[in-house]
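Thank you all for coming. I would like to walk you through one structure this morning, beginning with the overall picture and then moving to a few places where the details are worth following.

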Amino acid sequence: MQATQPTVEFTGSSDEQKLAKEVFDVARFQGRFFTANAPIYLKREQLIGFLAAQRKGAAAKPEAVAKLLDAAMAQNAAIFGREETDDGVVTFVTTQAGSPPAQEQADTLHTLAKRFMEPTPLPPAPDVEAEQSGALIATGWAQRLDIAEMAEEAEIDSVGEDRVVTTIATSAATEAAAPAVEDQAAAEPVVSAVEVAAVTPAPVQQVEAAPTVALSELSDEQLRELVVKQLDLDDRFVAFGEQYFAEDMVDRYSRGDLRRIREYIAEMNEPLSDEQLLQSLFNRRANDPTYEAGLFSINYRLSREKREFEFVGTKDSRLWSTVGLAPLGTTLRKASELGSDYRFLLDEEAVVQPDPAILHTLTFYEWAYGLLPLDGELRHFFPAAYLSEQKTATLRFEVPQLYATFLAELRYPTANRGGYLVGFDEFYHENVVPGAILTIERTADNDGVFVIRYTAQAEYEDRLLQIDERRSRYVFRPQMVAQDVDEAWLLTETRYPNLNNVKPLDEKERRRVDTVIGVAFERVAENTGTNAAPRYWSTPEELLPIVNIERPFTLRALQEALESPQHSQFESDPDTPGAFFYTPPAKEKASGGSKKRSARARVDEFEDEDEEF
C-alpha cells in the first residue's frame, strides 16, 4: 500500500515556487525513510552546486542560483527553516510533512539524575506530644473516678515544671456533691463538679530530619563509604576486599573442587594466583564473559575456608596458600623471635614514600637472616594488608641484573611485634655483602611485584665477617665485593679485628638492649680506663653497625637507649657532644670449673688457627 504524501503549497514568484518545490523534492528523497516530523538537513552550498548542475546557460551560474535560492527560501519560511553556525555555514531544514521541525523539550522531570540531585524531602516528623496527650485523655475518660478515694488523699504539690498534678481536697468533694435525693441508694457525687487533675506529659524532643546533600557535593571517598555501608547491610551482596557481587552470581564450589585446589597448590609448593587456579583447574579463559565473576567467586569461596586456605596476596596480585607449604625465609630464627627483635619499629615515625624507588643499606643482621625491616621508610613503601584479618603477603622480587626472580614473605606488624620481609637468604649470600646499597622499585601495574637492583663496581676480595654455624662463632672469611657499599657498614677484619672468633650472645642476653650495646662497646670501642676498671668511649654512629650484628637497631633507637635513665652504665661525654661512656657492671666471680673452661677455650683457639691455615 503506497503512503500518500501531504500536499505542500509554495509561495513567491513562479521561478521561486518552482525552485522551492525542486528543493523540497530533494529533501523528501533524502529523507524518504524518515518519519513525518524528523528533521531533514540540506546545506546551502551543496544545494547551490546541485541546482547549478541541473541548469544551462546564465541560469547555471552559482551566483544566480544562490540569489534565487535565498529568495525562494525566504518566501517559503513556513516550509524551510534556516540555521547558521558561527563559522557562516548555512543549512536549510524541513520535514516530510512540509514544515520546519518543532523544538522538542527533553523531559527531565523523572530522570535518574534529577532524582539523585534533588532527592524527595523527608516527611515532617509526627507530633509525638499531641499523640501522647490524646492517648492520656482517652485513657482518663475511659476510667471511672472514685471521689471517695480521692477525697482521702493528701494534697500533692506540683512535680516539676512540665508535669503538674492538681489534687482534689475533701472540701471540694463535699461542695461538689449533689443535693439530697429522695432515693439515697441512687444518690452519687456529681463528677462534673469536681476539678479533675490535669496531667501534662513531658515534652518529647523532636528529631529533626538530616539535611539532604546533593551527590555532587560529596567526595569520592564519602560516596564510596555510603555505598559500602548500604551493601554491607544487604544480604543479597557478598564482598571480597573492595569488590562486591550479587550473591546469586557467585559460583558454588563442592568439597571435591576445594580438594583439587588444595592439592594443586601443595603440588606447586608455592602460593598461586586466582587466575592460575581458575585457568588451570576450571578451564576458564580471560575472554570468557563470566571470567571476572569467576575470579571473584574463587576468591570469595576460598576466603570462607579459613582452615584450609590463607590469602597471602595484594590488591593486584591475589595469591592463595594452603596448609603444609614450606615457610619462606630463614630457619635460623623463629618468626616470633624476629618479630620481637623488630618490636621497636612500632615506635618509628612512618615516612610516606611517594617515590617509586627507595635506597636501603644492608646491615649484617639483615644479611645473615635474609631480611628487610618495615622501618619508617619501608612501612608505607610496600602494600598494606588487603583483608582485615590478613597476617602475611607473598611478594615477587625481580633482579634484572641476574635475570632471576624469587618470592619473599611480608609479615605485617601486630600490637607487640614489628613487621619485616623474609626470604632474601639466597639472594643476599650469593650476590651481595653486608653494607651493600640496594635500590628497591615498585612496578606500575602490580603492587605485588618489585624490582631490586644494586650498582656494580670493580670486583675485589676482602675478609668480611660471617657466622660459623658449626662452631657458633663469628669469623672473617674471604668474600668478593662487586657492588657499591657503604664503608661504615662493611665489617672487614682490618677494621674490626676484635670480632674474630667472638661467640654470639645467647637468646637471654640478646633480649636485653643494654647488654647488646654494652657488648658492642667492649668489642670495638676505645678503652679510656684500665684493664681492671675498663671504661669505654664511642659514638652512636660507630656503634650502630656493631649492635646490628646481634639484633636490629636504628640510630634513633640506639640513642634513646644510651640516653635512657634506666641504663646507668651509659653516660654522655660532657666534652664531646654526641659521644658516650660505658662502664661495665661488676661481674660475679665464677666458682669452680675455671680450668675446664680455660682448656675448652684453648681448644677453640687451636681449631680456629687450624681452620685458617
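Let me begin with how the chain makes contact with itself: of the contacts in the protein with a separation of 6 or more, 62% are between residues 24 or more positions apart. I should say at once that what you are looking at is a predicted model, and please keep that in mind throughout. The protein has 613 residues, and 37% of them are buried, while its secondary structure comes to 19 helices and 21 strands.

Let us start with the strands of lowest number. Strand 1, which covers residues 40–43, has side chains that alternate along its length, with Ile-40 and Leu-42 pointing to one face, where they are buried, and Tyr-41 and Lys-43 pointing to the other, where they are not. Strand 1 pairs with strand 3 in the antiparallel sense, over 4 bridges, and within that pairing Ile-40 stands opposite Thr-94 of strand 3.

Strand 3, residues 90–94, also pairs with strand 2, residues 81–84, and here again the sense is antiparallel and there are 4 bridges. Glu-84 has Val-90 in strand 3 as its bridge partner. Strands 2 and 3 form a hairpin with 5 residues between them, and in the turn you will find Gly-88, which has a positive phi of about 90°.

Moving along the chain, we come to a pair of helices. Helix 10, residues 274–282, and helix 11, residues 291–303, have axes that come within 10 Å and cross at roughly 105°, and the two helices are therefore roughly perpendicular to each other. On the side of helix 10 the contact is made by Asp-274, Glu-275, Leu-277, Leu-278, Gln-279 and Phe-282, and on the side of helix 11 by Tyr-291, Gly-294, Leu-295, Ile-298, Asn-299 and Leu-302. If we sort the residues of this contact by class, we count 7 nonpolar, 3 polar and 2 charged.

Next, a single residue in a loop. Ser-317 lies between strand 7, residues 309–311, and strand 8, residues 319–322. Is Ser-317 buried or exposed? Its relative accessible area is 15%, and because the cut-off for calling a residue buried is under 20%, Ser-317 counts as buried. Leaving aside residues up to four places away in sequence, Ser-317 touches Asn-446, Asp-447 and Gly-448. The C-alpha atoms of Ser-317 and Val-449 are 8.1 Å apart, although 132 residues separate the two along the chain.

The last region I want to show you combines a sheet with another pair of helices. The sheet is an open one, made of 4 strands in the order 18-19-21-20, with antiparallel pairing. Its edges are strand 18, residues 526–527, and strand 20, residues 570–572, each of which pairs on one side only. Strand 18 is joined to strand 19, residues 536–538, by 2 bridges, and Glu-526 stands opposite Trp-537 of strand 19.

Now the helices. Helix 17 spans residues 540–550 and helix 18 spans residues 555–563; they pack at an angle of about 110°, with their axes 10 Å apart. Helix 17 and helix 18 are therefore roughly perpendicular to each other, and their crossing is right-handed. From helix 17, Pro-540, Glu-541, Leu-543, Leu-544 and Val-547 meet Leu-555, Leu-558, Gln-559 and Leu-562 from helix 18. By class, this contact of helix 17 with helix 18 has 7 nonpolar residues, 1 polar and 1 charged.

How much of helix 17 is buried? Of its 11 residues, 9 are buried, so helix 17 is largely enclosed by the rest of the structure. Among those buried residues are Pro-545, Ile-546, Asn-548, Ile-549 and Glu-550.

Finally, let us turn to Leu-558, which sits in helix 18. Leu-558 is buried, with a relative accessible area of 0%. Not counting residues up to four places away in sequence, Leu-558 touches Ile-517, Pro-540, Leu-543, Leu-544, Val-547 and Phe-553. I would also point out Asp-514, which is 44 residues from Leu-558 along the chain, with 9.8 Å between their C-alpha atoms.

That is where I will stop, and I am happy to go back to any of these regions.

Key
Residues are numbered from 1 along each chain as its sequence is written. This is a predicted model: local features need pLDDT of at least 70, side-chain atom pairs count only at pLDDT 80 or more; totals for chains, interfaces and linings use all residues. Side-chain values use heavy atoms; hydrogens and water are left out. Axes are lines fitted to C-alpha atoms, for helices over the stretch in contact, and angles run from 0 to 180 degrees between N-to-C directions. Angles under 35 degrees count as roughly parallel, over 145 as roughly antiparallel, 65 to 115 as roughly perpendicular and the rest as oblique. A crossing is left-handed if the near helix is turned anticlockwise from the far one by less than a right angle, and right-handed if clockwise. Contact means heavy atoms within 4.5 Å. Ala, Val, Leu, Ile, Met, Phe, Trp, Tyr, Cys and Pro count as nonpolar, Asp, Glu, Lys and Arg as charged, and the others, Gly among them, as polar. Two strands pair if DSSP finds at least two bridges between them. Buried means under 20% relative accessible area, exposed over 50%, partly exposed in between (1.4 Å probe, protein chains only).
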